[in-house]
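Colleague: Could you pick one buried spot in this model, take me through it closely, and then work outwards to how the rest of the chain is put together? I'd like it as one connected story rather than a list.

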Amino acid sequence: MSAAQIMGLVASGRATSRADLSRLLGLAPSTVSAHVQELLDAGLLEESGEGRSRGGRRPRLLSVRAGDGVILAADLGGHHARIAAMDRAGRPEAIQDLEIDITAGPEPVLARIADALAELSTGRPVLGMGIGLPGPVDSDGAVVGSSRMHGWNGFSVRRRLAEYYQAPLVVDNDANLMAMGEAVVRGPELRDFVFVKAGTGLGAALVNDGRLHRGARGVAGDVSHNRVPAGGDRPCNCGNLGCLETISSGAALVDAVRADGVDIATTADLVRLARDGNPTVNTTLRFAGRQLGEVLVTIVNFFNPQAVILGGALATCDLFVAAARGALYERCLPLTTQELEIGESVAGPDAGLLGIGRLLIDQGLAVPVRNLP
């Protein structure tokens, strides 16, 4: 057992008292109390208030103490970045939105992000730093096979960030981070779910027993390049034909609507016209949502999650979500959908930032790394 395990259980909400820790770690209450006291004395945990009694004295509630340091986080999109300074518990203190061009390449983009984060940190010690990227990221923190991040393929973002920050680092794709942010907001009851980011591009993440399922090389969850019959011979940026990305991503929908004579430039324009009831946009969104749902059918039947949660700009379009939901209910085994939740993310625009904080805490952010007996 390590101190990081205790901090991670408390930060995630799975453990709110010493009794919870004893149960989850399988250790004697006296052993857990001794280690908790060390973390209290070190100023990493705090104990206050009273929880619900389970037959004895009401337990004191544990939480991660904010402290003086800062977690820095950046969630990058194709044309924007949302950055934050957060406390040790992963709670945002200051948030800023920046305009970027991801196709400018990693060097200028990362330099700009680092400069902006330095201003947000206001000179405080950096406890950890994390960045979310709109493309596949391998277990070494390098971008691999991205069809939209021109100039980034093979670039080790982790290695470059290590030149800026002498602190724990998280480098991951945006869907994974948004999924963990959803877990933070929803609480420990949501343990097994599929998260889909549907924006300009498509991405997905699997959370199993409260933890990300990454696969052998860290790139599990890429549904966007599944070939689908409705994709036909449409060329995809990945080099293949007929990928889901070519018919259900925000970029593909913008192209399709423009081809039908609608004056539109971005995914945000698409969402705006959907809310205005534009018939061409709505027809296109229904088609795209159903195609996404049909790809998710296989995942849901195989994984049997508690929920399928949609985030990103397209998830704010009711018709898109409803079409995906309809395909899942129609095509999945009845037992898998009996209690399945299918709906929009509740974590909001800060989901990726919250996910960065959660993953940094899970890996032992600013916590003594020695093992506890």
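Modeller: Let's start at Asp 174, which counts as buried because its relative accessibility is 7%, under the 20% cut-off. Keep in mind as we go that this is a predicted model. Asp 174 sits in helix H6, which covers residues 174-186. Leaving out residues up to four places away in sequence, Asp 174 touches Asp 75, Leu 76, Leu 133, Pro 134 and Lys 197.

Step back a little in sequence and you're in strand E7, residues 169-173, which includes Leu 169. Leu 169 is buried too, because its relative accessibility is 11%. Once neighbours within four places in sequence are set aside, its contacts are Met 129, Arg 158, Leu 161, Ala 162, Leu 360 and Gln 363. Gly 145 is 24 residues away from Leu 169 along the chain, and the two C-alpha atoms are 22 Å apart.

Now for helix H4, which packs in the same part of the story. The buried residues of H4 pack against strands E3 (70-76), E4 (80-86), E5 (92-99) and E6 (126-133), and against helix H5 (157-164). On the H4 side, the buried residues are Pro 106, Val 109, Leu 110, Ile 113, Ala 114, Ala 116, Leu 117, Leu 120 and Ser 121. Its length checks out as well: the 16 residues of H4 (106-121) should span 22 Å at 1.5 Å a residue, and the end C-alpha atoms are 22 Å apart, so the two agree.

Just past the end of H4, have a look at Thr 122, in the loop between H4 and E6. Thr 122 has a positive phi of about 50 degrees although it is not a glycine. That's worth a glance because most residues other than glycine have a negative phi. Thr 122 counts as exposed because its relative accessible area is 57%.

Next, the nonpolar cores. The largest has 39 residues, and those with the most contacts inside it are Leu 244, Leu 270, Leu 285, Val 308, Leu 310, Phe 320 and Leu 328. At least two residues of this core come from each of strands E8 (193-198), E9 (202-208) and E11 (307-311), and from each of helices H8 (250-259), H9 (267-275), H10 (279-303) and H11 (318-331). H10 gives the most, with nine residues. To see how one core member is surrounded, take Val 308: leaving aside neighbours within four places in sequence, it is in contact with Val 194, Leu 296, Val 300, Leu 328, Leu 340, Glu 341, Ile 342 and Gly 343. There is also a second, separate core of 30 residues, and Ala 85, Ile 100, Val 143 and Leu 161 are among them. You'll remember Leu 161 as one of the contacts of Leu 169. In soluble globular proteins, nonpolar side chains tend to be buried together.

H10 deserves a closer look of its own. At its start, a side-chain oxygen of Asn 278 reaches to within 3.0 Å of the backbone nitrogen of Thr 280. Further along, H10 bends by about 30 degrees at Leu 296, which is also one of the contacts of Val 308. Even so, the span fits: with 25 residues, H10 should cover 36 Å at 1.5 Å a residue, and its end C-alpha atoms are 35 Å apart, which agrees. Just after H10 comes Asn 304, in the loop between H10 and E11. Asn 304 has a positive phi of about 55 degrees although it is not a glycine. With a relative accessible area of 46%, Asn 304 counts as partly exposed.

Over towards the start of the chain, Leu 24 is in helix H2, residues 18-25. Its relative accessible area is 31%, so it is partly exposed. Not counting residues up to four places away in sequence, Leu 24 touches Leu 9, Arg 14 and Ala 15. The C-alpha atoms of Leu 24 and Arg 14 are separated by 8.6 Å, with the two residues ten apart along the chain.

Finally, the whole chain. It has 13 helices and twelve strands, and 53% of its 373 residues are buried. Among contacts with a separation of 6 or more, 61% are between residues 24 or more positions apart. The C-alpha atoms fill a box of roughly 70 × 50 × 40 Å along the principal axes. A compact globule of 373 residues would have a radius of gyration near 21 Å, and the chain has 22 Å, so the two agree.

Definitions and conventions
Residues are numbered from 1 along each chain as its sequence is written. This is a predicted model: local features need pLDDT of at least 70, side-chain atom pairs count only at pLDDT 80 or more; totals for chains, interfaces and linings use all residues. Side-chain values use heavy atoms; hydrogens and water are left out. A nonpolar core is a set of buried Ala, Val, Leu, Ile, Met, Phe, Trp, Tyr and Cys residues joined through side-chain atoms within 4.5 Å. Buried means under 20% relative accessible area, exposed over 50%, partly exposed in between (1.4 Å probe, protein chains only). Helices (H or I, at least four residues) and strands (E, at least two) are DSSP runs, numbered from the N terminus. Contact means heavy atoms within 4.5 Å. The expected span of a helix is 1.5 Å times one less than its number of residues. The bend at a residue is the angle between axes fitted to the seven residues ending there and the seven starting there. A polar contact is a pair of N or O atoms within 3.5 Å; within protein, one must be able to donate a hydrogen and the other to accept it, and residues adjacent in sequence count only if both atoms are side-chain atoms. The radius of gyration is taken over C-alpha atoms; the globule rule is 2.2 Å times the number of residues to the power 0.38.
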